[in-house]
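This report walks through one model, strand by strand and loop by loop. Keep the sequence and the 3D view side by side while reading.

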Amino acid sequence: MTPEQTLKDRIKNLDWDQINKTLHDKGFAIVKQVLRERYCDTLISDYDADAYRKTVNMERYRFGYGEYKYYNYPLPAIITDLRESVYSYIVPVANKWMNELGFDKQFPGTHEEMKQLSHEAGQTKPTALILQYTEGGFNTLHQDLYGEVYFPIQMVFMLDQHNRDYTGGEFVITEQIPRAQSKVNVLTPNMGDMVLFTTNFRPVKGSKGYYRVNMKHGVSPVHSGKRHSLGIIFHDALS
C-alpha cells in the first residue's frame, strides 16, 4: 500500500465512537499518534519550500509571536487525505450540535460538498497551514472562521515532541461559561497527535435544554526550542 493509503487506514481504524463522544461532550479530543514521525519530519522539512500561498508574521498583526504559512491548492496529498477522511467521521457531531442548539442547518456528508459550499460563498482560498514558533513564541486566543461559511470543528497535528524539541507551547482552549468566569483547558499533545476541537462554540446541556458555550484556542509561550504544528480547517477562506 502507498503511504497515503496507510494513513487513510489508520484514520479508518480509529475508535470514532469514543472520539466523537469526547468531542461532543468536551468540545475537543486528543487522538494519539495519528501521524507517523516520518510524516511529521517531511512536513517540517518542507517549511521553507515554495508550496505556500501566504506567509503571516504574527507579531505584525498582533496575533502573537511566530509565523505561519497557508498552503496553496493543490494541497499536499497527506493534507488532502486527512481533510477528506476525518471530515466524514466528525460531520455527525457537527450536525448533532446544530440540532441541539436549534439551528436550521446541516452540513453535507463529504468534504468535497463542504468545500463547494465555501466556494459558492466566494471562500476559495485553502486554509490548511503550518505554524512555527521559536523561543518566546505564542498565539493569542482566537477562532478560525474566515468567512460566513464555516464548519464548526477543526484539527491540529503536533509535528514536534513536547519536552524534547521544545518546552512550553501548550495548546490552550478556553470556554466562556455564561454568567461565570471562563474555563481554561491546557493540552500537551505529543508528536503525531491529532487534536480535534470546536472552531467557534459547542452545546452544553442545562436544566432547560442545551445552551451555547463560545470557545477560543491559542498557544502558550514557548520556553525553549522550536515548535511546529499543522492546522487543518475544513472550510476555505475569502483571502
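Strands β4 and β5 (residues 129-133) run antiparallel and are joined by four bridges. Within this pair, Glu67 of β4 faces Gln132 in β5. The model is a predicted one.

β4 has another partner. It pairs with strand β2 (residues 52-57), again in the antiparallel sense, over five bridges. Here Tyr52 stands opposite Tyr71 in β4. How enclosed is strand β4 (residues 67-71)? Four of its five residues are buried, so β4 is largely enclosed by the rest of the structure.

**Hairpin**

Strand β12 (residues 201-206) and β13 also run antiparallel, joined by six bridges. The two strands form a hairpin, with two residues between them. Gly206 stands opposite Gly209 in β13.

**The largest pocket**

The volume of the largest pocket is about 560 Å³. Its lining counts 32 residues. Tyr68, Tyr70, His142, Asp144 and Tyr146 are the lining residues nearest the pocket centre. Several strands contribute two or more residues to this lining: β2, β4, β5, β6 (138-142), β7 (153-158), β13 (209-219) and β15 (227-232). Which element gives the largest share of the lining? That is β15, with four residues. By residue class, the lining divides into 19 nonpolar, ten polar and three charged.

**The largest nonpolar core**

In soluble globular proteins, nonpolar side chains tend to be buried together. In this model, the largest nonpolar core has 46 residues. Leu35, Leu82 and Phe151 touch the most other members. Helices and strands both feed this core: α1 (3-12), α2, β1 (28-31), α3 (37-45), α4 (77-100), β7, β11 (194-198) and β15 each give two or more residues. α4 supplies the largest share, eleven residues.

Phe151 deserves a closer look. It is placed in the loop between β6 and β7. With a relative accessibility of 0%, Phe151 counts as buried. Thr199 sits in another loop, the one between β11 and β12. Thr199 is buried too, with a relative accessible area of 0%. Phe151 and Thr199 are 48 residues apart along the chain, and their C-alpha atoms are separated by 7.3 Å. Thr199 also has Ile153 at 5.0 Å, C-alpha to C-alpha, across 46 residues of sequence.

**Helix α2**

Helix α2 (residues 16-26) has five names on its buried list: Trp16, Ile19, Asn20, Leu23 and His24. Where around the axis do these buried residues lie? They cover an arc of only 130°, which puts them on the same side of α2. The general rule behind such a pattern is brief. An α-helix has 3.6 residues a turn, so residues three or four places apart point the same way. After α2 comes Gly27, whose phi is positive, near 90°.

**Backbone exceptions**

Most residues other than glycine have a negative phi, and most peptide bonds are trans. Some places in the model depart from that pattern. They are listed here.

| Site | Backbone value | Location |
|---|---|---|
| Gln33 | phi near 50° | loop between β1 and α3 |
| Asn163 | phi near 65° | loop between β7 and β8 (166-168) |
| Tyr73 to Pro74 | omega near -5° | Pro74 in the loop between β4 and α4 |

The peptide bond from Tyr73 to Pro74 is cis. Pro74 belongs to the loop between β4 and α4. Gln33 has a positive phi in a residue other than glycine, and the positive phi of Asn163 is likewise in a residue other than glycine.

Are Gln33 and Asn163 buried or exposed? The cut-off for exposed is over 50% relative accessible area. Gln33 is exposed, with a relative accessible area of 56%. Asn163 counts as exposed at 58% relative accessibility. Thr199, by contrast, is a loop residue that is buried at 0%.

Note on methods. Residues are numbered from 1 along each chain as its sequence is written. This is a predicted model: local features need pLDDT of at least 70, side-chain atom pairs count only at pLDDT 80 or more; totals for chains, interfaces and linings use all residues. Side-chain values use heavy atoms; hydrogens and water are left out. Buried means under 20% relative accessible area, exposed over 50%, partly exposed in between (1.4 Å probe, protein chains only). Two strands pair if DSSP finds at least two bridges between them. On a 1 Å grid over the protein atoms alone, a cavity is a set of points where a 1.4 Å probe fits but cannot get out, and a pocket is an open set with protein on both sides within 12 Å along at least five of seven lines; lining residues have an atom within 4 Å of a point. Grid points are joined across faces, edges and corners, and a volume is the space filled by probe spheres set on the points. Ala, Val, Leu, Ile, Met, Phe, Trp, Tyr, Cys and Pro count as nonpolar, Asp, Glu, Lys and Arg as charged, and the others, Gly among them, as polar. The arc is that of the directions from the helix axis to the C-beta atoms. A nonpolar core is a set of buried Ala, Val, Leu, Ile, Met, Phe, Trp, Tyr and Cys residues joined through side-chain atoms within 4.5 Å.
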